[in-house]
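The following questions and answers ask how certain descriptions of a protein model are justified. Each answer sets a value beside the meaning of a term and then draws a conclusion.

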Amino acid sequence: MFADRLGQAEEYARALATDGVVRGLIGPREAPRLWERHLLNSAVLEEAVPRGATVADIGSGAGLPGLVLAIARPDVHVTLVEPLLRRTTFLDEVVSRLGVTNVRVVRGRADALHGVEQFDVVTSRAVAALPKLAGWCLPLVSGHGEMVALKGSAVLDEVEEATPELLRLGATAPRVAELGVGRVSETTWAVRIAWAEPSSVSLPASRSSGSGTGSKGPRRKPRRPHGR
């Protein structure tokens with residue numbers, strides 16, 4: 001799964017079990033099961049990420065799943081978006097220590113990037129309920145990209161409840177995928193959401209060309225609360 005980057009994954013696990021616990025980013029009880037519950041659970045996200053994709057991890061926290069994905073998939077380019085200083089400080093330190101070059105850390109909420117950047121895949125792990133999460137993430141998804149939210153075992157109930165709101169926001173009906181089947185002992189549930197009309201989604205011309213101020217967000221930008 002980590003191929004020739006296993007050493008980096010092991011060093012990251014050590015950082016989570018030490019500095020991550022001390023700084024309150026990982027609970028002490030999580031340290032003994034970091035690999036099974038967190039690293040492998042995050043690494044199987046690679047199954048939903050195309051080769052060479054640009055990825056944004058919203059509310060990255062200690063780097064799960066985005067930093068794990070960056071370690072496992074050197075072909076993708078990952079942006080870790082996290083508003084809290086103590087978390088971004090940890091991420092900056094770990095990224096520098098590991099020498100992972102296909103990742104960057106952005107301190108801020110998701111809506112700070114609305115209308116400025118778009119990505120092939122926008123992911124998150126246990127951040128918020130789907131309707132709220134879609135308001136934060138969908139404006140960052142390119143026309144032919146996808147939002148991939150990692151969820152828990154109650155995913156089917158959450159999807160059923162959220163589907164009407166997601167359709168109203170201009171998305172397709174969400175698809176639930178089980179990642180890691182046959183690869184890990186505890187598989188990961190992912191909700192995959194794309195735009196219903198991909199051709200109508202783009203950054204404002206003035207933003208994408210770098211001139212002027214333009215209007216913020218893609219043309220199919222959904223109504224949303226304040227982003228993360």
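**Helices, sheet and pocket**

Q: How do you know that helices α1 and α4 cross, and at what angle?
A: In this predicted model, the axes of α1 (residues 6-22) and α4 (residues 85-98) come within 10 Å and cross at roughly 145°. The passage of α1 by α4 is a right-handed crossing.

Q: What makes the meeting of α1 with α4 a contact, and which residues take part?
A: Contact requires heavy atoms within 4.5 Å. On the α1 side the residues are Q8, E11, Y12, A15, L16, D19 and G20, and they meet F90, V94, R97 and L98 of α4. By class, this contact has six nonpolar, two polar and three charged residues. Glycine counts as polar, so G20 of α1 is placed in the polar class.

Q: What is the order of the strands in the open sheet, and what is their pairing?
A: Seven strands follow the order β3-β2-β1-β4-β5-β7-β6, and the pairing is mixed. From one strand to the next, the twist averages 25°.

Q: Why are β3 and β6 said to stand at the edges?
A: β3 (103-107) and β6 (175-179) each have a single partner strand, so one side of each is left without a neighbour in the sheet.

Q: How do you know that β5 and β7 pair?
A: Two strands pair if there are at least two bridges between them. Five bridges join β5 to β7, so the requirement of at least two is met. The two strands run antiparallel, and M147 has I193 in β7 as its bridge partner.

Q: Which helices lie against the strands, and where?
A: α2 packs on the sheet, where it touches β4 (119-125), β5 and β7, and its direction makes about 160° with that of β4. α4 lies across β2 (77-82) and β3, and runs at about 160° to β3.

Q: What makes up the lining of the largest pocket?
A: The largest pocket has a volume of about 600 Å³. It is lined by 28 residues, of which R37, H38, N41, R125 and A126 are the closest to its centre. The elements that give two or more residues are α2 (34-43), β5 (141-151) and β7 (188-193). The largest share, four residues, comes from α2. By class, the lining divides into eight nonpolar, eleven polar and nine charged residues.

Q: Why is the peptide bond from L64 to P65 singled out?
A: Most peptide bonds are trans. The bond from L64 to P65 is cis, with omega near 10°. P65 is in the loop between β1 (54-58) and α3 (66-72).

Q: What makes the phi of A3 notable?
A: Most residues other than glycine have a negative phi. A3 is a residue other than glycine, yet its phi is positive, near 50°. A3 lies in the segment before α1.

Definitions and conventions: Residues are numbered from 1 along each chain as its sequence is written. This is a predicted model: local features need pLDDT of at least 70, side-chain atom pairs count only at pLDDT 80 or more; totals for chains, interfaces and linings use all residues. Side-chain values use heavy atoms; hydrogens and water are left out. On a 1 Å grid over the protein atoms alone, a cavity is a set of points where a 1.4 Å probe fits but cannot get out, and a pocket is an open set with protein on both sides within 12 Å along at least five of seven lines; lining residues have an atom within 4 Å of a point. Grid points are joined across faces, edges and corners, and a volume is the space filled by probe spheres set on the points. Axes are lines fitted to C-alpha atoms, for helices over the stretch in contact, and angles run from 0 to 180 degrees between N-to-C directions. A crossing is left-handed if the near helix is turned anticlockwise from the far one by less than a right angle, and right-handed if clockwise.
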